[in-house]
Amino acid sequence: MNGLADFGFMLAPTALCITRERVIALCNPAFATLFGYDAEELQGQSIVILYPSAQEYSRIGARGYPQMTRGRTYREERLMRRCDGSLIWCRVTGRAGDGDAPERQAVWLFEPLQHPADATRALSPREREVVAHLAQGLSSKEIARELGLSPRTVEMHRARLLRKLDVRTTTQLLARLA
């Protein structure tokens with residue numbers, strides 16, 4: 001980067017970063033602040049540190065990069081992890097520098113979304129535990145092991161959560177709650 005472009009990138013009030021091979025090559029102060037880091041701490045780090053889990057990082061990469069081929073823009077709302085381990089819901093927009101190999105270099109915009117507190121008040125403590133584990137990308141079997149429940153019980157909680165919040169998928173459930 002140089003001159004005016006560098007100036008604009010660094011002073012942008014919106015969280016921006018550039019990745020190369022899914023490693024943070026450059027980020028602006030707004031990006032670092034959003035995730036609770038200093039910009040210098042993030043540069044050179046795999047972006048996996050900002051995902052709720054390694055599984056979620058892999059899953060989103062496998063789904064997102066194919067959407068960025070041929071110059072298309074990728075957009076999604078998803079949970080991300082801050083430095084302190086807390087999760088925040090973000091609208092993420094990305095564009096690849098090379099449409100034939102989008103993971104080679106991409107520019108990303110992250111916008112934090114507000115938390116709908118009313119949705120979480122209706123949940124039981126057990127339902128909140130299940131949601132927290134779903135946000136980490138755990139399967140029903142993994143959640144069952146963590147909570148000392150049967151996988152069937154976890155599935156029942158998940159189904160009840162979907163009905164209670166009037167959504168069809170786990171992604172929609174997490175979007176509604178986070």
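Visitor: In this predicted model, which residues touch the most other members of the largest nonpolar core?
Guide: The model is predicted, not experimental in origin. Its largest nonpolar core holds 27 residues. Those that touch the most other members are Phe31, Phe35, Leu50, Trp108 and Phe110.

Visitor: Which elements give two or more residues to this core?
Guide: Both helices and strands contribute. The helices are H2 (29–35), H3 (39–42) and H4 (54–67). The strands are S1, S2, S3 (73–81), S4 (87–96) and S5 (106–112).

Visitor: How many residues are in the second, separate core?
Guide: This second core stands separate. Among its members are Leu123, Val131, Leu138 and Leu165. Its residue count is 19.

Visitor: How do the rings of phenylalanine 31 and phenylalanine 110 pair, and what are the values?
Guide: The model has 6 aromatic pairs. In this one, the ring centres are 5.3 Å apart and the planes meet at 65 degrees. Planes over 60 degrees apart count as edge-to-face. So the pair of phenylalanine 31 and phenylalanine 110 is edge-to-face.

Visitor: How many residues apart in sequence are the parts that this pair ties together?
Guide: Phenylalanine 31 lies in helix H2. Phenylalanine 110 lies in strand S5. The pair therefore ties together parts whose separation in sequence is 79 residues.

Visitor: Are phenylalanine 31 and phenylalanine 110 buried or exposed?
Guide: Buried means under 20% relative accessible area. Phenylalanine 31 has 0%. Phenylalanine 110 has 1%. So phenylalanine 31 is buried, and phenylalanine 110 is also buried.

Visitor: Which residues do ring pairs link into a cluster?
Guide: Phenylalanine 31 and phenylalanine 110 form an edge-to-face pair. Ring pairs link both of them with one further residue. The cluster is Phe31, Phe35 and Phe110.

Visitor: How do the rings of tyrosine 74 and tryptophan 108 pair?
Guide: Tyrosine 74 lies in strand S3 and tryptophan 108 in strand S5. Their ring centres are 6.0 Å apart. Their planes are at 80 degrees, so the pair is edge-to-face.

Visitor: What is the relative accessible area of tryptophan 108?
Guide: Its ring partner, tyrosine 74, is buried at 1%. Tryptophan 108 is buried too. Its relative accessible area is 7%.

Visitor: Which residue in S5 stands opposite cysteine 17?
Guide: S1 and S5 run antiparallel, joined by 5 bridges. Of the 6 residues of S1, 5 are buried, so this strand is largely enclosed by the rest of the structure. Opposite cysteine 17 in S5 stands tryptophan 108.

Visitor: Which residue takes a positive phi in the hairpin of S1 and S2?
Guide: S1 and S2 pair in the antiparallel sense over 4 bridges. Arginine 20 stands opposite valine 23 in S2. The hairpin has 2 residues between the strands. The one with a positive phi, near 55 degrees, is glutamate 21.

Visitor: How far from arginine 22 is the nearest side chain of opposite charge?
Guide: Arginine 22 sits in the loop between S1 (15–20) and S2 (23–27). Arginine 22 is buried yet has no salt bridge. A salt bridge needs the charged atoms within 4 Å. The nearest side chain of opposite charge is that of glutamate 103, at 8.3 Å.

How values were computed
Residues are numbered from 1 along each chain as its sequence is written. This is a predicted model: local features need pLDDT of at least 70, side-chain atom pairs count only at pLDDT 80 or more; totals for chains, interfaces and linings use all residues. Side-chain values use heavy atoms; hydrogens and water are left out. Buried means under 20% relative accessible area, exposed over 50%, partly exposed in between (1.4 Å probe, protein chains only). Lys and Arg count as positive and Asp and Glu as negative; His and the chain ends are not counted. Two strands pair if DSSP finds at least two bridges between them. A nonpolar core is a set of buried Ala, Val, Leu, Ile, Met, Phe, Trp, Tyr and Cys residues joined through side-chain atoms within 4.5 Å. Rings of Phe, Tyr and Trp (its six-membered ring) pair if their centres lie within 6.5 Å; planes under 30 degrees apart count as stacked, over 60 as edge-to-face and the rest as tilted.
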